[in-house]
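Visitor: Hello! I am new to reading protein structures, and I would like a close look at a single part of this one.

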Amino acid sequence: MIPVANLRPAILQAETGWRNRLDALLDRCQFILGQDVREFESAFAAATGARHAVGVASGAAAIEISLRHLGITGPVLTSALTAPFSAVAIQAAGATPHFADILPDTLQIDPDDAGNRITRRTAAIVPVHLYGQPCQIARIAALGRPVVQDACQAHGARVAGRALTRFSPYAAYSFYPTKNLGALGDGGAICADNAATARRLREIRDGGRRGGQVSYVRGVNARLDELQACFLNAFLPHLEEWNQERRGLAAFYDAALRDCPGVRLVERTSDSVCHLYVIRARRRAALRRYLAERGIGSAIHYPVPLHLHPAFADAGLKRGSLPHAERACREILTLPLWPGMAVSQASQVADRVRTFYSGTQ
Ligand SMILES: Cc1ncc(COP(=O)(O)O)c(C=O)c1O
């Protein structure tokens, strides 16, 4: 059995670290905004190259709080190919998600299409670094609107050595358990270079308070909790090594599937931290069934482009309006990948895919 992801090797690798931290936390009994969150915020900022990091309750909260800080309520442009939570977060901030198409080779948001869809009313852009690969963020930032980067799948990613926060004031991360850096529950963070911004983001996540019981600004309750920070502090020192493992496995799949009929590879730069390994597959449903019958898991990230979700119909985009995203959603398939996965397992997966398309199954 080869699942699409397996968290156990990473959890076991960091076990001593999180057990010690949990013991110390249970002695201290301060479960909200204490030592582990503070320590994690410093360490995560350093790991991403940002000056500040603010721990929050989820990736969606990280995007929402950034937009709240901007005070944005109008249309906000994001990619049509992303997790629904990119758009859910825009709605939670009181804004309306609008969508741009993707580049068919990389599946990242298309800066030209985004530029064409900007109107006078467009209040902000939430570009997504999908599957761990930075999108063309410099071009998005040049479109002249405030930018909140959805880096929920891109922990540790930089653009030609530059931290993501050099391109826009906010980079939002999710610590959903399967991410490159995951908690054992929900969690998130906002990275920022500006100290005043970071200070205000800390107030917004904590009910608008400044440590006491007076709310100074309109806030939400979306704090990262100490329990999750214990796990994150224990996992963070392994992030680089785990990202390298992901890169190695993705490169292995690329080489094994490059000339496989029926498979189209997704283009990646060396900046990618390879959160997911995604191919475009002909006869996808049949391939998935074939793999499942042989004990191999797969997934689809994501089956429906966001403009066709009933909850996001406000954008007013009908089927056919974002053709690259719509076609990608019919073809993309996520193959198994996790830190600690053996190359022999990736080899088995690639062999099965090749056999399926060779017609000898
Ligand atoms: C691209 C993207 N954006 C936003 C989110 C939302 O993160 P969370 O689940 O932590 O709220 C996720 C993760 O699910 C994601 O993958």
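Could we look at strand 6, and could you tell me which residues lie on one side and which on the other, and whether its faces are covered or open?

Guide: Happy to! Keep in mind as we go that this is a predicted model. Strand 6 spans residues 170-174, and five of its five residues are buried. Take the two faces in turn: Tyr170, Ala172 and Ser174 lie on one side, while Ala171 and Tyr173 lie on the other. Every one of these residues is buried, and in this way both faces of strand 6 are covered.

Now let us see what strand 6 pairs with. One partner is strand 5 (residues 148-150), which pairs with strand 6 in the parallel sense over three bridges. Try finding Ala171 in the picture: Ala171 is the bridge partner of Gln149. Another partner is strand 7 (residues 188-192), which is joined to strand 6 by four bridges and runs antiparallel to it. Here Ala171 turns up again, with Cys191 of strand 7 as its bridge partner. If you follow Ala171, then, you can trace a path from Gln149 to Cys191.

Ser174, which we met on one face of strand 6, also leads us to the ligand. Fifteen residues surround the ligand, and those that come nearest are Ser58, Gly59, Ala60, Phe85 and Ser174. Helix 4 (59-70) and helix 5 each give at least two residues to this shell. By type, the shell holds six nonpolar, seven polar and two charged residues.

Let us step back to see where strand 6 sits in the chain. The chain is divided into domain 1 (8-238) and domain 2 (239-358), and the residue numbers of strand 6, 170-174, fall within the range of domain 1. The C-alpha centres of the two domains lie 24 Å apart. Their contact involves 36 residues of domain 1 and 33 residues of domain 2. On the side of domain 1 that touches domain 2, the elements giving two or more residues are helix 1 (8-13), helix 5 (84-92) and strand 3 (96-100). Strand 3 gives the largest share, four residues. In total, that side of domain 1 has 21 nonpolar, 11 polar and four charged residues. You may recognise helix 5 in that list, since we also met helix 5 in the shell around the ligand.

Notes:
Residues numbered from 1 in each chain as written. Predicted model: local features only at pLDDT ≥ 70, side-chain atom pairs only at ≥ 80, totals over all residues. Buried ≥ 20, exposed ≤ 12 C-beta atoms within 10 Å, placed from the backbone. Pairing = 2+ DSSP bridges. Domains from an automatic or database assignment. Contact = placed C-beta atoms within 7 Å. Nonpolar A, V, L, I, M, F, W, Y, C, P; charged D, E, K, R; others polar. Near = placed C-beta within 6 Å.
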